[in-house]
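These are my notebook entries from one session with a single model. I set down what I looked up, entry by entry.

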Amino acid sequence: MTDHVILSAAKNLYNKGDAEMRSTGGRRNGLIIMSVLFLLSLFAVGGFRVQADEATETENKEERTFTVGFDAEFPPYGYKNEDGEYVGFDLDLAEEMCKRRGWKLVKQPIDWDSKDMELSSGNIDCIWNGFTIQGRENDYTWSTPYVDNSQVVVVRADSEIQKPADMAGKVVIVQSDSSALAAFRGDDATEENRKLAESFAELQQVADYNSAFMNLEAGAADAVCLDVGVAKHELENRGDAFRMLQDIISTEQYGIGFKLGNTALRDQVQETIDEMAADGTFAKIAEKWDLADSVCIGKEKKEETTESAAEGTEQEASEKQEKTFGERFISITKQLWRGMLASLAIFFLTLIFSIPLGLLLNAVRMSRVKVLQWIARIYISIMRGTPLMLQLLVVFFGPHFIFGIETSSTYRFYAVIIGFSLNYAAYFAEIFRAGFEGIPIGQREAADVLGYTRSQTYWRILFPQMVKRVIPPVTNEIITLVKDTSLAFALAYTEMFTLAKQVTAAESSILPLFIAGLFYYIFNFIVAFIMERVEKKLQYYDRKK
């Protein structure tokens, strides 16, 4: 249904442009632009389907859905594997729990900084992703602890740091809003850790652990403090370049966090988790992810050895190292394909909606009615004066926190398109205004003398000239839009760059980020080439004369 609405709108826009621009050369050029936009919409809808079909199918099912919010760059608890699937210890637990209860599991990667808003707005049912209880006891309704976790320090193999005290005067990195950060600066931090943090040259915060290790490898930092499970995974995948200190910074326990007061759902999940612990399933899943020593539930059912799981992990690591660069490049590109389609969908749909909206906004801005002028000016001022990321958050979370409206999982994509379109419409409106105001007033006066109506003057005389004048600045905005699609990560929408970061975390390699950068460059090159051809087509005179 949504696809038909989008295509219908694009066709109407095309037909209107065709009807009103058929008679002159300038109108013919406008028709070319409208045709291009219509064709691009077909690609956009295709990209949208790739992302939306799964969510739509989930909503159409009658069984109870259980949406788990997790950080997709947090192996081994949750991340994207080489097959493009979200996997991990916590996700395996959630999948087994849903299977036993007859629920449909929805794995929803989220921006970790927005986890509370995701939970409060009902977009996710719980946070299940190596989520520390200590320091958050009164903020969520918790399950019983299921993992005993420790915060450890990882340094380069050749580092002079041998114990935590050696980090004095060093640059230490932690993930933002993490247990490691709380261990140094949280309300429950020990006096010893507080003094240790004060001795650091700097305590830096990064969005993900892949960024942390990139800083450490490049020499921009001296140590990384993180969860022991994550540390083991990273050391296993990154070879001998790093080592882990024996001393532990702090200990805590992991639990499943539900919205405060949602005891009914917590009790259902807890009942099933206890069953899994009692029959040994929980211990088997822990062994699979080499976390058997960390679990604190159902230990009496735990197997004696984990040799088979360890051998499997070593074999996977060996296979990963044996791949040639070309094979890895192709494999990663295949994993990033869905993200490329998502970015293309954001790009094309934003153009389709923001350009006509920008024309409308420009008409209001240039209206003779002062009230309408001021409304347009205030809107443009807000859109240009506040960050796009903030606007996306308002569009997505606003309906719930302002109006109390519950939103569906598919609204995440719509919010991205709405936010981008509203933002870029403001910029296009000002560009169009500059184009119109650059046209000599004598052309309007001549049109009046010749008996043209206001509509005829606009579409047959002013609009074609405006289009010709604004192509260069419009090209700049379109190129910026290509790169800005990465800001969709603020709404946990998995576009190109977000997916590249997830694959980077899983692969423990920076290659996915370079491939993403190559994609952006090639696509921007194509955009610039097309717009240059359009600009030459709109030249009405020979500049050499």
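**Cysteines, backbone and surface patches**

I began with the cysteines and noted that Cys126 is buried, at 0% relative accessibility. I bear in mind throughout that this is a predicted model.

I then looked for disulfides and took two cysteine sulfur atoms within 2.5 Å as the criterion. The count by this rule is 0 disulfides. Cys98 takes part in none, and the nearest cysteine sulfur to Cys98 belongs to Cys126, 8.4 Å away. I checked Cys126 in turn: Cys126 is likewise in no disulfide, and the nearest cysteine sulfur, that of Cys98, lies 8.4 Å away. Because a disulfide requires the two sulfur atoms to be within 2.5 Å, I record no bond for this pair at 8.4 Å. Is Cys98 buried or exposed? I find Cys98 buried, with a relative accessible area of 1%.

Next I turned to the backbone. Which residues are joined by a cis peptide bond? I found such a bond between Pro75 and Pro76, with omega about 5°. I placed Pro76 in the loop that runs between β2 (73-74) and β3 (78-80).

I also looked up phi at Asp290. Although Asp290 is not a glycine, its phi is positive, at about 60°. Asp290 sits in the loop between α10 (281-288) and α11 (307-322). I noted a relative accessible area of 47% for Asp290, which is partly exposed.

I went on to charge at the surface. Which residues gather in a patch of negative charge? I listed Asp116, Glu137, Asp139, Asp187 and Asp188. I followed up one of them, Asp139, and located it in the loop between β6 (126-132) and β7 (141-142). Asp139 is partly exposed, with a relative accessible area of 46%. Patch residues must have over 30% relative accessible area, so the 46% of Asp139 satisfies that cut-off.

My last entry concerns a nonpolar patch on the surface, about 720 Å² in area. Leu518, Tyr521, Ile522, Phe525, Ile526, Phe529 and Ile530 make up this patch. Where does Ile522 lie? I traced Ile522 to helix α19, residues 511-537. With a relative accessible area of 42%, Ile522 is partly exposed. The cut-off for patch residues is over 30%, so Ile522 meets it at 42%.

Methods
Residues are numbered from 1 along each chain as its sequence is written. This is a predicted model: local features need pLDDT of at least 70, side-chain atom pairs count only at pLDDT 80 or more; totals for chains, interfaces and linings use all residues. Side-chain values use heavy atoms; hydrogens and water are left out. Buried means under 20% relative accessible area, exposed over 50%, partly exposed in between (1.4 Å probe, protein chains only). Patches are made of residues with over 30% relative accessible area and no salt bridge: like charges are joined within 9 Å, nonpolar side chains (Val, Leu, Ile, Met, Phe, Trp, Tyr) within 5 Å. Accessible areas come from the Shrake-Rupley method with a 1.4 Å probe; for residues, only the protein chains shown count as cover. A salt bridge is a side-chain nitrogen of Lys or Arg within 4 Å of a carboxyl oxygen of Asp or Glu. Lys and Arg count as positive and Asp and Glu as negative; His and the chain ends are not counted. The place of a charge is taken as NZ of Lys, CZ of Arg, CG of Asp or CD of Glu. Helices (H or I, at least four residues) and strands (E, at least two) are DSSP runs, numbered from the N terminus.
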